[in-house]
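Student: Please take me closely through one part of this structure, together with what surrounds it. I am new to the structure and would be grateful for a single connected account.

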Amino acid sequence: SSEEQEEKMEKSEQAAAAFPPSFSVSEIKNKQRRHLMFMKFKQEKRKQKLQLKKKKKKEREALGDKAPPKEVPKTIENQRVYDETTVNPEDEEVAFDEGTDEFCSYFNGLTNPKVLITTSDRPRGRTVRFCEQLATVIPNAYVYYRRGLALKRVVPQCIARNFTYVMVVNEDRKVPNGLVLCHLPDGPTAHFKVSSVRLRKEMKRRGKEPTEHSPEVILNNFSTRLGHSIGRLFAALFPQDPQFVGRQVATFHNQRDFIFFRFHRYIFKNEKKVGIQELGPRFTLKLRSLQKGTFDSKFGEYEWVLKVSLSAVTVFFKMQEELCCLI
């Protein structure tokens, strides 16, 4: 009798989980009952998926070498349309451009980077802390208070003091939301949107404070013409002779036109195993414009500007307001 009762219970549960084709869980008025039925439905689907997976695995093992190849899962990356501007790093034209562009002196060891980091006018505490932590990531970087000076007046003063970069962090509602990176003395100037900023205190299981050693720099997926220029712009921020004793690495990872920045330290567990420990800060960048020469929002010549659709008109005007605040 007990076995019969168990079988009836199982059948009732299966009947509850197996809905008619036209039935929707949202039609159930009671919230708790609706949630319970939805969870049962999901569990049943999970079981079916697992059974199908086991069945396919047994079939592959039975067929052995004659088994068909595994299906490649669809991802956003492998479904993207091929970009025609993708360049080959070994191409002669690319090599010529690298040897004659504004950054060739850094990679030849003739120029050492010197970076000035500042903010928009009257910055709040979070933006100031973000700039201070950026200065610990980039060697030979100095943080200066803006003091209400226009950026066009800041650039000549930086050139006179042998700075090679000016980095301006803009904020909105006490949160960093923009970054202008200006290469001196002849440009180019890049304007980025900044998002997902996390300072060191906000990160779990972070490592100790970074040392003064020059980090390694990793650039991922900067494969197009524009990406190549932006990658060299980032690479020239750091000295080209990394001090491996410090075991520190700065990563710029480009994915779906977003640039993710991470700062790690290697931890050697033994001769074969190695781990990484994030030091922070972390943030995400999205390129808005690339301009020839130094910063000039009114008369500057733009190499590339983010495409403005009807749905992005408000974003474009907000970008112009941010740039006007920097002038």
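Tutor: The account below begins with the whole chain, turns to strand 5 and its partners, and then follows the surroundings outward.

The model is predicted, so local features are described only where pLDDT is at least 70 and side-chain atom pairs only at pLDDT 80 or more, while totals for chains, interfaces and linings use all residues. Residues are numbered from 1 along each chain as its sequence is written, and side-chain values use heavy atoms, with hydrogens and water left out.

The protein chain holds eight helices and 11 strands; these are DSSP runs numbered from the N terminus, with helices (H or I) of at least four residues and strands (E) of at least two. Of its 327 residues, 35% are buried, a term for a relative accessible area under 20%, whereas exposed is over 50% and partly exposed lies in between (1.4 Å probe, protein chains only). Among contacts (heavy atoms within 4.5 Å) with a separation of 6 or more, 64% join residues 24 or more positions apart.

Strand 5 covers residues 189–198. On one side, strand 4 (residues 175–183) runs antiparallel to strand 5, and five bridges join the two; strands count as paired if DSSP finds at least two bridges between them. One of the bridge pairs sets V180 against H191 in strand 5. Strands 4 and 5 form a hairpin with five residues between them, and in that turn G187 has a positive phi of about 85°. The peptide bond that follows, from G187 to P188, is cis, with omega near 5°, and P188 belongs to the loop between strand 4 and strand 5.

Strand 5 has a further partner in strand 10 (residues 282–291), with eight bridges in the antiparallel sense. Here V194 is the bridge partner of L285 in strand 10. The loop between strand 9 (274–278) and strand 10 holds P281, and a cis peptide bond, with omega about 0°, joins G280 to P281.

Beyond strand 5, the chain enters the loop that leads to strand 6 (216–220), where R200 lies. Is R200 buried or exposed? With a relative accessible area of 6%, R200 is buried. Leaving aside neighbours within four places in sequence, the contacts of R200 include R206 and E209, and also G280 and P281. R200 further touches Q133, T136 and V137.

Helix 5 (residues 125–137) has 13 residues. The expected span is 1.5 Å times one less than the number of residues, so helix 5 should span 18 Å, and its end C-alpha atoms, 19 Å apart, agree with this. The buried residues of helix 5 include F130, Q133, L134 and V137.

F130 leads to the aromatic residues, since one cluster contains F130, F192, F222, F234, F238, F252, F261 and F283. Across the whole structure there are 11 aromatic pairs; rings of Phe, Tyr and Trp (its six-membered ring) pair if their centres lie within 6.5 Å, with planes under 30 degrees apart counted as stacked, over 60 as edge-to-face and the rest as tilted. One of the pairs is Y106 with Y165, which is tilted, at 6.5 Å centre to centre and 40° between the planes. This pair links distant parts of the chain, helix 4 (residues 104–107) and strand 3 (residues 165–172), with the two positions 59 residues apart in sequence numbering. Y106 is buried at 4% relative accessibility, and Y165 is buried at 0%. F234 and F252 form a stacked pair, 4.5 Å centre to centre with 10° between the planes. That pair joins helix 7 (residues 225–235) to strand 7 (residues 248–255), and both F234 and F252 are buried.

Finally, helix 6 (residues 151–160) has L151, V154, V155 and C158 as its buried residues. Because these cover an arc of only 105° around the axis, they lie on the same side of helix 6; the arc is that of the directions from the helix axis to the C-beta atoms. The face turned away from the buried side carries the exposed residues R153 and A160. N162, in the loop between helix 6 and strand 3, has a positive phi of about 65° although it is not a glycine, and N162 is exposed at a relative accessible area of 60%.
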